[in-house]
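Got your viewer ready? Load the model, open the selection panel, and follow along stop by stop.

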Amino acid sequence: MAQQVTSYICPNCGGPVHFDATSGRVKCDYCDSIFTIEEVKKYYEEKNRKAKEAAGEVEKSSAEPGAEALGASAPNVETAAGDGWGGDASKLKVYHCGNCGAELITDETTAATTCPYCGNPTVIPGQFSVGRRPDYVIPFACEKEQALQKLQEYYKGKKLLPKSFTSGNHLKEIKGVYVPYWLFSGSVDADMTFECGKSTTTREGDFDVTRTRLYRVHRAGTMTFEKIPCDASSSMPDDLMDSVEPYDYKSLRKFELEYLPGFLANKYDVEQKAVQRKADERAAETACDELKSSISGYDRIDEKSRSTKIRRGRTDYALMPVWLLYTKWNDQDFLFAMNGQTQKMTGNLPIAPGKAAAWFAGVSAVVFAFLAAVMFLMTDSGSSGTSLLVSLVLALIVGGITVGIMAGQMKPVMAATHAQQYLKRDQSKILVRTDDYIRTVETRTPVSREENRPGIAGRK
């Protein structure tokens, strides 16, 4: 996997500049001059042209302006056909992390010293290998300080977090990284059948009679999806990148090198064919969910069959902004990620076993006391033993569910299985909607004598 940092100089004072996420412009570190992306691009186009003229070259260039335009013409670089990098590749170099295998691409003036993924301080210089140029980029919209603040806020409210974690963990590395994604577009033809039921229950003598009208429900349609993202970096945990979704594509821009100064940028090392199936599955699951959600008015819905046909469309290559925060606590490594556009923070946190046990015992005790009191008032004294046992079981269940929910908040990182955010509803249609009556099923349940006793039925 590769990463890249591109360096520019200020047209006014010659100092280093960086892309400012807050303003969306390029800012000089020394004189505080601010330039738009177009202004910087124009400046380097002119600089390249003059440099080539001075070197006696023909005034003709289709290469993208960038790190090469530092005052001298760049040497010719043989690149793969269609990669689109042109002479920019000559000013890039790559560092290899011997610990996790990540490749960190930088411009020739930047020295990489620490891997943002694993914190390993040892990186070995190597040669940059060109690949496909990104089609799109979503620029960073927040700065490092906001990522640090969000991480502290992320710790708050986590009842099972060890107290020593917030005070004892050390932030080893924080990097703004443009993560590579394949963006898959296309559509899904989905066809599903269900058996659905509507039930009514009446008292007939000594029986409760339940009559269920069964229907064969058929739904079919076509769902269109646009730019379902799949992480294209082998060094980046896929579930972590899934968990920082979604991105707002209103900020999607045509890729320009001018967005990169001050940030690392990963080069993809996972081919689109390797993750195409994941995008297909996400689209198919979402299409089926849409069909099922169109069914209403039934007490139960049982799926009987489904079929999906994927129609693949365009695949784009894009860079998405992510702040990576690497911390260490009790000799354990923790990697957090924040969406550099929406500021959504995610990452798994450790659980304190003692706190989990205390919450389970406390919740169970409170629920048991409440249920025991209620059941004691509603039942005969002869049934008090059974009531206490039922209360205890229910209390333990509630305690377990409560702690389970709290533990889930500590481990939010998970792989994406759906793609609702990328469904184009205005281009999607449900073409078949049929509900055909099949038969009526009758169930008769004897009523216990106690339920028929005067006062008992009324209490129920």
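## Start inside: the largest cavity

By class, 7 nonpolar, 4 polar and 3 charged residues make up the lining of the largest cavity. Keep in mind that this is a predicted model. The space in this largest cavity is about 80 Å³. To find the spot, select Ser185, Gly186, Ile228, Asp280 and Ala283, which are the closest to its centre among the 14 lining residues. Now colour by element: β10 (170–204), β11 (207–231), α5 and β14 (300–329) each give two or more residues to the lining. Which element gives the most to the lining of the largest cavity? That's β10, with 5 residues. In total, the structure has 3 cavities of 30 Å³ or more.

## Zoom out for a moment

Show the whole protein chain as a cartoon, and you have 9 helices and 17 strands to scroll through. Of its 460 residues, 44% are buried. Switch on the surface, and the accessible area is about 23,400 Å², with 52% of that belonging to carbon and sulfur atoms. If you like contact maps, take the contacts between residues at least 6 apart in sequence: 76% of them join residues at least 24 apart.

## Salt bridges

Next, the charged pairs. Side chains of opposite charge can pair when their charged atoms come close. How many salt bridges does a search of the whole structure find? The count is 21.

Select glutamate 245 and arginine 282 to begin with. Their side chains form a salt bridge at 3.0 Å, N to O. This pair ties together distant parts of the chain, 37 residues apart: glutamate 245 sits in the loop between α4 (238–243) and β12 (253–254), and arginine 282 in helix α5 (residues 272–293). Are the two partners, glutamate 245 and arginine 282, buried or exposed? Both are buried.

Stay on helix α5 and pick glutamate 281 and arginine 277, which are 4 residues apart, about one turn of the helix. Their side chains make a salt bridge too, at 3.1 Å from N to O. Glutamate 281 counts as partly exposed because its relative accessibility is 42%, while arginine 277, at 63% relative accessible area, is exposed.

Now select Glu204, Arg211, Glu442 and Arg444: salt bridges with shared partners join these residues into one network.

One more pair: aspartate 208 and arginine 203 form a salt bridge whose closest N and O atoms are 2.6 Å apart. Arginine 203 has 40% relative accessibility, so this residue counts as partly exposed.

## Backbone oddities

Go back to glutamate 245 and show the backbone. A cis peptide bond joins glutamate 245 to proline 246, with omega about 0°. Proline 246 is placed in the loop between α4 and β12.

Then jump to lysine 227, where phi is near 60°, a positive value in a residue other than glycine. Lysine 227 belongs to strand β11. Its relative accessible area is 11%, so lysine 227 is buried.

Where does glutamine 343 lie? Look in the loop between β15 (332–339) and β16 (345–346). Glutamine 343 also has a positive phi, near 70°, in a residue other than glycine. With 23% relative accessibility, glutamine 343 counts as partly exposed.

Conventions
Residues numbered from 1 in each chain as written. Heavy atoms only, no water. Salt bridge = Lys/Arg side-chain N within 4 Å of Asp/Glu carboxyl O. Buried < 20%, exposed > 50% of the residue type's maximum accessible area, 1.4 Å probe, protein only. Contact = heavy atoms within 4.5 Å. Areas by Shrake-Rupley, 256 points an atom, 1.4 Å probe, with all protein chains shown as cover. 1 Å grid on protein atoms, 1.4 Å probe; cavity = no way out; pocket = protein on both sides within 12 Å on 5 of 7 lines; lining within 4 Å. Points joined across faces, edges and corners; volume = space filled by probe spheres on them. Nonpolar A, V, L, I, M, F, W, Y, C, P; charged D, E, K, R; others polar.
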